[in-house]
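Colleague: Please take a close look at one part of this model for me, and start with the loop residue that has an unusual backbone angle. Then connect it to whatever else is worth reading.

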Amino acid sequence: MKTIAVINQKGGVGKTTTCVNLASELGAMRKKVLVVDADPQGNASSGLGFQFDDSVSLYDIVVGNEDPKWALHSTSAKNVSLIASNINLVGADLELGGSDGREFRLREALQKLENDFDVVLVDCPPSLGLLTVNALAAANRLLVPMQCEYYSMQGLSLLARTVQMVREQGINQGAQIDAILLTMYNPNLRLTREIETQIRDVFGEHVLKTVIPRNIDLAAAPAQGLAIRDYGRSSRGGQAYHDLALEVKRLWL
Ligand code: ADP
Ligand code: MG
């Protein structure tokens with residue numbers, strides 16, 4: 001089982017969109033996929049058609065040590081299961097306080113599901129708090145979606161420092177930024193092309209070949225609780241996420 005954290009402390013860069021659509025494409029390729037929604041806002045959950053209820057959620061797993069088997073839901077996407085978010089997750093950082101092993105709650109939970117899934121995608125919140133550290137501790141691979149904007153570069157160096165800290169503190173000695181995905185890509189903008197050149201110079205082969213264009217269908221699909229594959233797979237966004245899944249499969253699965 002490979003665990004991929006989709007991570008960037010900046011909001012609105014395409015983490016959730018990437019998580020949901022990569023999951024559904026990999027599911028269509030017959031991988032058994034689990035999406036873990038680690039953002040209290042719950043966008044990945046609703047984007048996969050989940051209706052919020054009082055059932056066991058990631059909060060109960062991380063704070064309450066609940067068995068993750070009770071938290072699995074099916075989704076609108078084929079072969080994709082979900083551990084849903086819950087608004088209570090907002091308080092998880094504080095509730096866990098200084099408790100022992102608080103960084104490893106997600107990793108321990110996922111170990112119990114090792115034989116049930118081929119790949120886990122963790123949708124991280126837009127912060128570098130304890131939920132993100134749990135994702136970093138659990139992950140074999142880090143996938144960082146980013147927009148080609150000036151501030152993205154600064155954000156990336158902050159993330160790189162956090163990843164380094166996670167390594168140095170022994171939380172995950174193998175943690176590194178494995179792949180950067182350029183999202184909401186618009187090749188007609190000079191700024192986009194300039195930043196892309198910079199990023200590819202600095203990060204080389206870690207920048208994925210696939211880029212995700214800005215595409216309105218990708219923004220519209222979540223309102224139906226559907227991944228782009230089940231909403232408009234021939235759209236440019238749909239094709240791009242299909243290509244991304246092929247690239248990720250070739251590299252990691
Ligand atoms: P994050 O999870 O990093 O906060 P989201 O995936 O929620 O980012 O994306 C932020 C917003 O941009 C959402 O409204 C989403 O529907 C939209 N969006 C994401 N990717 C694209 C894209 N490639 N083209 C157009 N809109 C997008
Ligand atoms: Mg999100």
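**A loop residue and its context**

Modeller: N79 sits in the loop that joins strand 3 (72-74) to strand 4 (80-83); strands are DSSP runs of E with at least two residues, helices are runs of H or I with at least four, and both are numbered from the N terminus. This is a predicted model, in which local features need pLDDT of at least 70 and side-chain atom pairs count only at pLDDT 80 or more, while totals for chains, interfaces and linings use all residues. Residues are numbered from 1 along each chain as its sequence is written, and chains are lettered from A and ligands numbered from 1 in the order in which they are written.

The phi of N79 is near 65°, a positive value in a residue other than glycine. N79 counts as partly exposed because it has 19 C-beta neighbours inside 10 Å; 20 or more other C-beta atoms within 10 Å would make a residue buried, 12 or fewer exposed, with C-beta atoms placed from the backbone.

M184 also has a positive phi without being glycine, near 50°. M184 belongs to strand 7, and with 21 other C-beta atoms within 10 Å it is buried.

Strand 7 (179-185) is one of the elements that each supply at least two residues of the shell around ligand 1, along with helix 1 (15-28) and helix 9 (216-220). Helix 1 gives the most, three residues. In total 18 residues surround ligand 1, and the closest include G14 and K15; a residue is near a molecule if its C-beta atom, placed from the backbone, lies within 6 Å of it.

A positive phi is found in G204 as well, about 50°, just after helix 8.
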